[in-house]
Amino acid sequence: QLDLLWTRKQNVMYNLFDWPTQKHSKLIILAIANTMDLPERIMMNRVASRLVRPSSFYCSPVLWSGGGGGGRCLLILAKLFSQLVGNIVAALSGDARRCLDICRRATEICEFSSQKRTPEIVRMAHVTEAIDEMFSSPYINAIRNASLHEQIFLKAILAEFRRAGVEEATVQQVYHQHVVLCRIEGMQSPTISEIMAICSRLGACRLLLVESSNKYLHMRVRLNISQDDVMYALRDE
């Protein structure tokens, strides 16, 4: 669990990954991550420089779907296709498992839509439909229909989570990020009272888990949905 080794200066992770590079070192570290952008997400440059990574994400070359009597779909994930799907998913989610889930669902969609007995190649239209399916939920629709400052507040939460390295923050910490984002967009920053109202509305929609207390700005908040879903809902069409 790499996140358990995370510290603000990341000295523990640096020393761990730097160890095999030392002269006469007999240590080899093999690490498997379920995200395609782990170094970019949580590692400083000096830590990431200690890693040797494959040049690209590579899926299983062939996935075969279909049962006896039904139409069969052969999903050929050649290197180019796996890179294409991987890049699309990476833009929405860093989770490699979700990439495989999308490939599996795209195969099923192709199989169900095909009435032919011969294998049919899964196309990007099937992948797009699978992505829309997997990232569609009432929560995502609620985010898309939220007010501009409510959406900025969610972006501020993501920014604070990335800065702190933990998926929990106080309203005050999120407010600072909100002000920065407003300045970047050339917008007027909301007042403290308005921020508290925004936080309350998002909590009422169950998009946020808000600490129940009278701490006001020091209340702690967490997302009630995954960061990937928030980023997908807030992405530009």
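A residue counts as exposed when its relative accessible area is over 50%, and as partly exposed when the value lies between 20% and that limit. In this predicted model, His24 has a relative accessible area of 69% and is therefore exposed. The points below take up the backbone at His24 and at Arg206, and then a small group of strands with the helix that packs on them.

**Residues with positive phi**

- Most residues other than glycine have a negative phi.
- His24, although not a glycine, has a positive phi of about 65°, and this residue is found in the loop between α1 (11-18) and α2 (38-42).
- Arg206 is likewise a residue other than glycine with a positive phi, near 65°, and its place is the loop that lies between α10 (192-204) and β5 (208-210).
- With a relative accessible area of 44%, Arg206 falls short of the 50% cut-off and is therefore partly exposed.

**The sheet and its helix**

- Three strands, in the order β4-β6-β5, form an open sheet in which the pairing is antiparallel.
- Because β4 (169-170) and β5 each have a single partner strand, they stand at the edges, and one side of each is left without a neighbour in the sheet.
- The antiparallel pairing of β5 with β6 (residues 220-223) runs over three bridges, and the bridge partner of Leu209 in β6 is Arg222.
- Helix α8 (residues 148-164) packs on this sheet and touches β4, β5 and β6, while its direction makes about 100° with that of β6.

Key
Residues are numbered from 1 along each chain as its sequence is written. This is a predicted model: local features need pLDDT of at least 70, side-chain atom pairs count only at pLDDT 80 or more; totals for chains, interfaces and linings use all residues. Side-chain values use heavy atoms; hydrogens and water are left out. Helices (H or I, at least four residues) and strands (E, at least two) are DSSP runs, numbered from the N terminus. Buried means under 20% relative accessible area, exposed over 50%, partly exposed in between (1.4 Å probe, protein chains only). Two strands pair if DSSP finds at least two bridges between them. Contact means heavy atoms within 4.5 Å. Axes are lines fitted to C-alpha atoms, for helices over the stretch in contact, and angles run from 0 to 180 degrees between N-to-C directions.
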